[in-house]
Amino acid sequence: MDTGSLDQWLVLALLGLPLAGFGLTALFGRRMGTKAWIIAVAAIVAVWVAAMYLVDQTLFQHAYGDGGLHFRLYEWIPAGSFQVDVNFGLDALSAVMLIVVTSVGMLVHIYSVGYMAHDPGRWRFFAYLNFFMFSMLLLVLADNFLLLFVAWELVGLSSYLLIGFWYRRRSAALAAKKAFIVNRVGDLGFALGIMAIWTTVGTLNFGDVFTRLPQLLASGGIQEWQMIGICLLIFAGAVGKSAQFPLHVWLPDAMEGPTPVSALIHAATMVNAGVYLIARTNPLFAEAPEALVVVAAIGIFTAILAASIALTQTDIKRVLAYSTLSQLGYMFASLGVGAYVPAIFHLVTHGFFKGLLFLGSGSVIHSVDEEQDMNKMGALWRRIGITHVTMLIGSLAIAGIPPLAGFFSKDEILGDSFKNGFIWVWGIGVVVALLTAFYMFRLMGKTFYGPSHVDPHVEPHIHESPKWMTIPLILLAIAAAVAGLVLGLPFDGGLIHQWLDPLFSATESVLGHGGSTFQIAGIDGVLILVSTAVAAFGLFAAWRLFGFFGIGPQAARVAAVTDRFKGLYTASKNKWYFDDLNDLLFVRIGGLLAAGLWWFDVHVIDGTVNGIASLTQSSGRGLRQVQTGHVQNYALGIAAGLIVIALGYIVLVTR
């Protein structure tokens, strides 16, 4: 590494500062008491400042060109032909990820100062947060697959620690274990994909892999099915980390962690790692369009599945958790149809408005004495005004109401799906847009409007959250309101396209996409009108059913709807029985199978081995009795042997 390069040192500072913050907070945080947050928060503020400088250099000053900044720190594994370096890269995609990770991460740290003020384990919490930030930044900046995989696993470890932060609560401990185990399933596929890449091209560096694998495919060095297999194995890792079907079951349970954890890991950063991975490996997926169809299918199915479950949940954080699953499904569907820039655009806008919604839900929970059931809320809009307004902005943004952020990114995904020939993705996506607007304003209606259902003992104590919590809400609300305008206008000529189009243009060219221009007076305008009208209809339906302001709750109408679709309602409320199915297949049937294999192992395999050993021992004990040590006994034995031999000889001769 060139030690004179300030920018390279700043990249290392992005990793070193949170790692140092983790170590210092873990060592001295307990002694610091209520000030345990100081080191951790200061480290992340410094990280944000350094990251914004690097973002400016990368995206605005173009200091590193289209290829970005790449450098080698040291040789990590020198084992014959298997050589791996610790090398880092910063390009437009990494820079965009830095905006989301560091900005939301910093605001979550600040918010946590107020939220965790009375928790005796706050020092441990801030140490874990810093460790997570180190892991996530390493994932974004890694420039080879093995270093990325190390960061991938560290992010999983961080998630486990933060979900199970309140480990004395059994539900939190089980949720952490569930997240860890389910993620390992996807990670196994990712690890196999990395092994397949190494055995095929003999390197794990991104640049070399993205060049050599397509060349091998073109020259016949590998078959098409091998390229598809590698891509699907990589996608398996993304499915686990980003909680896509069928590995989606861990994310809703992860809401057992403190609310800032939900905002940081399970809304704005960690769950985006899978989207980032597919976007990063876009040159490989460009050569395997069949794999991209699988990505699109899994994504859009997860989107509508999660949205259908969110319709009936009553825990405010679980509604947002299923909303996260649904929006991640949108992103994967966008990647699958070849709309890479809209997918990353939605990743950015989603990071802001979903981080806002989770932190807002934490403010609501804080104000009603840790209650999370929306049926025990209502009429809070006057009592916690800042939380209400900011969450309203976040809800409008995720519903796709113009001109807020979600409108631009979501409609670009739907528009590109339609124009790229994936009409089925567009159709399902429009239905998801309707459901999204409905369940988000169902959440707003149950939480903030209509009559109060708050516990009478809690009612007098309802209050707005402290400034440590409301200031991050206000800043995220501003981002959720204007990010789409700043990054998206004038649509396909906006900043986000200027930054990322050079990175994905070759892939889109191979796929035959990306040639059309935006036409507000043409098909694009029609598609925008359709999706906006659908979102407005979903909003209006929720407004009518769940009682906004003076209208009052329409309990009879809600009851009539649920009675008419009672079977579907019950299935949705029970999360379409996926947890029950997993329990049946992997816990009960899998447990019986494991018990049967254990019995076979103990009684047949071990029994056979142990039986032979016992027979040998008993035979030895019997034969040992012959060895008396007396000469006369040995002489008698010799004589008896001679007699037997003589008799045998006589019998044979006389025949």
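Reader: Why is phenylalanine 206 counted as buried?

Author: Happy to explain. In this predicted model, phenylalanine 206 has 4% relative accessibility. Buried means under 20%, so phenylalanine 206 counts as buried.

Reader: And what makes phenylalanine 210 count as buried?

Author: The reasoning runs along similar lines. Phenylalanine 210 has 15% relative accessibility, and the cut-off is under 20%, so phenylalanine 210 counts as buried.

Reader: How are phenylalanine 206 and phenylalanine 210 placed in helix 7?

Author: Helix 7 covers residues 206-219. The two phenylalanines are four residues apart in that helix, which means that about one helical turn separates them.

Reader: Why is the pair of phenylalanine 422 and tryptophan 424 called tilted?

Author: Their ring centres are 6.2 Å apart, and rings pair if their centres lie within 6.5 Å. The planes make an angle of 55 degrees. Stacked needs under 30 degrees and edge-to-face needs over 60, so by this definition the pair is tilted.

Reader: Are phenylalanine 422 and tryptophan 424 buried or partly exposed?

Author: One of each. Phenylalanine 422 has 15% relative accessibility and counts as buried. Tryptophan 424 has a relative accessible area of 39%; partly exposed lies between 20% and 50%, so tryptophan 424 is partly exposed.

Reader: How do you know that arginine 184 lies over the face of phenylalanine 180?

Author: Arginine 184 is at 4.3 Å from the ring centre of phenylalanine 180, and the distance limit is within 6 Å. The definition also asks for a position within 35 degrees of the ring normal, and arginine 184 is listed as lying over the face.

Notes
Residues are numbered from 1 along each chain as its sequence is written. This is a predicted model: local features need pLDDT of at least 70, side-chain atom pairs count only at pLDDT 80 or more; totals for chains, interfaces and linings use all residues. Side-chain values use heavy atoms; hydrogens and water are left out. Buried means under 20% relative accessible area, exposed over 50%, partly exposed in between (1.4 Å probe, protein chains only). Rings of Phe, Tyr and Trp (its six-membered ring) pair if their centres lie within 6.5 Å; planes under 30 degrees apart count as stacked, over 60 as edge-to-face and the rest as tilted.
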